Amino acid sequence: MPASGSWGALLGANPLLLLIFFLLVPARAHAEYILAPGDVVEVGVVGVPDLRHRATIDVDGRTSLPLLGSIQAAGLTVTGLGKQIKSLLSMKAFRARETDSRGRSLATHDNDVVTISPEEVIVEVVEYRPVYLNGDVAKPGAETYRPGMTVRQAIALAGGFDTMRFRSRDPFLDSADFRSDYYDLWTEFAKISAEIARFQAELDGRSAFQAPSLGDVPLPTSVTSKIIDLEAQHFSVDAADLAKEKRYLSEAIAQEDRRITVLDQQRQSEQQDADADAADYKEVISNFRKGILPTTRVSETRRLTLESATRVLQTTALLQDVERKRSEFARSLEAIDDKRRKELLQSMQDATVRLNNVRARLQSVSEKLLYAGMARSQLTRGPGGEPDVKVFRKNNDTTATIVANDQTELMPGDVVDVKLRLDSTPAQESTPPERNGESKPTK
């Protein structure tokens with residue numbers, strides 16, 4: 001007979017002997033089950049159906065049985081509880097009761113007393129505490145425990161994995177909706193970016209529109225080219241309107257200058273006439289006082305003097321009005337650039353705010369689209385990897401955490417936490433690029 005040290009070499013050299021060895025050597029027996037609150041036990045006595053009784057172990061660990069009352073059950077094995085019940089029942093005498101066809105009790109006799117033998121007592125667990133499933137399963141909650149139940153069987157009873165996470169939504173429809181929102185936002189992003197480039201070109205005083213770089217925007221080239229072309233036309237129209245307004249103001253100033261020149265010359269001429277009429281009026285008054293001229297001549301000369309003076313005043317007032325208009329046109333021409341710059345700065349600020357809002361919404365829709373793509377791929381290809389399963393098992397006053405797999409055997413009262421690991425293989429969607437020197441995420 002080989003020595004113990006040579007068994008390994010002998011078995012290792014002969015695979016057939018190794019297989020026979022493992023088939024013949026019995027597997028190590030599982031530790032016997034310990035009863036706990038929530039378990040339902042059944043006690044029966046052979047030949048005495050009146051003593052068959054089911055009882056639940058309460059939260060205090062006790063159970064109530066006929067003839068015995070309340071006894072401690074939690075913390076004992078089934079064998080231990082059976083020994084305790086057999087020991088107690090063997091000291092009891094049971095008087096069997098007869099019933100009629102209607103179930104009513106009949107009189108008993110002394111010879112109906114039954115002595116219970118320990119061998120006739122049967123104790124078994126008829127219902128174990130449930131196991132509880134939580135996490136990514138279709139129907140979280142309690143499931144009836146069955147001896148030998150594995151994690152896979154418990155998940156199957158709970159309806160399988162819940163790959164959608166949100167059962168009220170369809171990831172296929174969500175993907176279509178999110179993708180539509182995604183490209184609408186990118187179109188808005190490109191449009192606002194082109195607007196900002198147009199505003200900046202005007203602020204810098206450029207004569208031509210410099211198109212922004214939209215190569216990192218996930219839109220067809222025809223779309224981005226159309227957006228840039230429309231902004232270039234808008235730039236040209238704005239520049240032409242500004243030039244027309246400046247030209248109008250310049251021409252208005254030149255016209256008022258010509259009117260000022262004419263009115264000034266007219267005023268000088270009329271002033272000369274008024275001065276001459278005033279001199280004549282003085283001379284007529286002098287002659288009238290000498291008695292040379294009649295009164296009618298004095299009146300006529302005075303009338304002519306007043307008329308010439310009035311013409312001078314009217315021309316002076318008209319000249320001042322023209323000069324005021326000329327000043328207004330000049331101020332408008334000087335302020336037109338400042339006014340346009342203020343408008344551009346306000347438009348630039350508003351566009352920047354809108355661009356940041358679109359960027360934030362793009363980030364949100366990108367994450368939703370990526371998540372919906374993951375859920376959709378899970379439904380079409382199945383889970384991308386093994387789920388993370390943890391079993392929480394209470395042992396006396398402590399709770400142990402067991403990292404399990406689908407073949408792990410469960411015990412009554414176990415809490416199984418299931419967490420799916422989503423496959424991240426769907427393509428990452430583009431995130432909105434940053435502007436003005438900020439970092440630019442990859443597409």
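Visitor: In E12, which residue is the bridge partner of Lys-390?
Guide: This is a predicted model, where local features need pLDDT of at least 70, side-chain atom pairs count only at pLDDT 80 or more, and totals for chains, interfaces and linings use all residues. Residues are numbered from 1 along each chain as its sequence is written, and side-chain values use heavy atoms, leaving out hydrogens and water. E10 and E12 pair in the antiparallel sense over 5 bridges (two strands pair if DSSP finds at least two bridges between them). In E12, Lys-390 has as its bridge partner Asp-417.

Visitor: What is the mean pLDDT of the protein chain?
Guide: pLDDT is the predictor's confidence in each residue, from 0 to 100. It stays under 50 over residues 1-12, with 7 contacts beyond four places in sequence, and over residues 15-29, with 4 such contacts; contact means heavy atoms within 4.5 Å. Still, 77% of the chain's residues reach 70 or more, and the mean is 79.

Visitor: How many helices and strands does the protein chain have?
Guide: Helices (H or I, at least four residues) and strands (E, at least two) are DSSP runs here, numbered from the N terminus. Counted that way, the protein chain has 7 helices and 12 strands.

Visitor: Back to E12: which residue in that strand does Asn-134 stand opposite?
Guide: E8 and E12 run parallel, joined by 4 bridges. Side chains alternate along E12: Val-416 and Val-418 point to one face and are buried, whereas Val-415, Asp-417 and Lys-419 point to the other and are not. Buried means under 20% relative accessible area, exposed over 50% and partly exposed in between, with a 1.4 Å probe and protein chains only. The residue opposite Asn-134 is Asp-417.

Visitor: In E11, which residue is the bridge partner of Arg-393?
Guide: E10 and E11 (residues 398-404) pair in the antiparallel sense over 7 bridges. They form a hairpin with 2 residues between them, and Asn-396 in the turn has a positive phi of about 60°. In E11, Arg-393 is partnered by Ala-400.

Visitor: E3 and E4 form a hairpin too; what phi does Leu-67 in the turn have?
Guide: These two strands run antiparallel, joined by 4 bridges, and Arg-62 stands opposite Gln-72 in E4. The hairpin has 3 residues between its strands, and Leu-67 has a positive phi of about 70°.

Visitor: Why are the buried residues of H3 on the same side, and what arc do they cover?
Guide: H3 (residues 78-89) has 12 residues and reaches 16 Å from first C-alpha to last, close to the 16 Å expected (the expected span being 1.5 Å times one less than the number of residues). Its buried residues are Leu-81, Gly-82, Ile-85 and Leu-89. They end up on the same side of H3 because, taking directions from the helix axis to the C-beta atoms, their arc is only 100°.

Visitor: Which strands do the buried residues of H3 pack against?
Guide: Four residues are involved: Leu-81, Gly-82, Ile-85 and Leu-89. They pack against E1 (40-45), E3 (62-65), E4 (69-72) and E7 (121-127).

Visitor: Which residues touch the most other members of the largest nonpolar core?
Guide: A nonpolar core is a set of buried Ala, Val, Leu, Ile, Met, Phe, Trp, Tyr and Cys residues joined through side-chain atoms within 4.5 Å. In soluble globular proteins, nonpolar side chains tend to be buried together. Of the 37 residues in this core, those touching the most other members are Leu-81, Ile-85, Val-121, Leu-133, Val-151, Leu-410 and Val-416.

Visitor: Which residues does Val-121 touch, not counting residues up to four places away in sequence?
Guide: One of its contacts, Ile-85, belongs to the buried residues of H3, as does Leu-89. The full set touched by Val-121 is Val-43, Gly-44, Val-45, Ile-85, Lys-86, Leu-89 and Ile-116.

Visitor: How far apart are the end C-alpha atoms of H6?
Guide: H6 covers residues 221-290, and just after it Gly-291 takes a positive phi of about 85°. At 1.5 Å a residue, its 70 residues should span 104 Å, which agrees with the modelled distance of 102 Å.

Visitor: Is Thr-305 buried or exposed, and what is its relative accessible area?
Guide: Thr-305 sits in H7 (residues 295-381). Beyond its neighbours within four places in sequence, it contacts Asp-277, Ala-278 and Tyr-281. Thr-305 is buried, with a relative accessible area of 15%.
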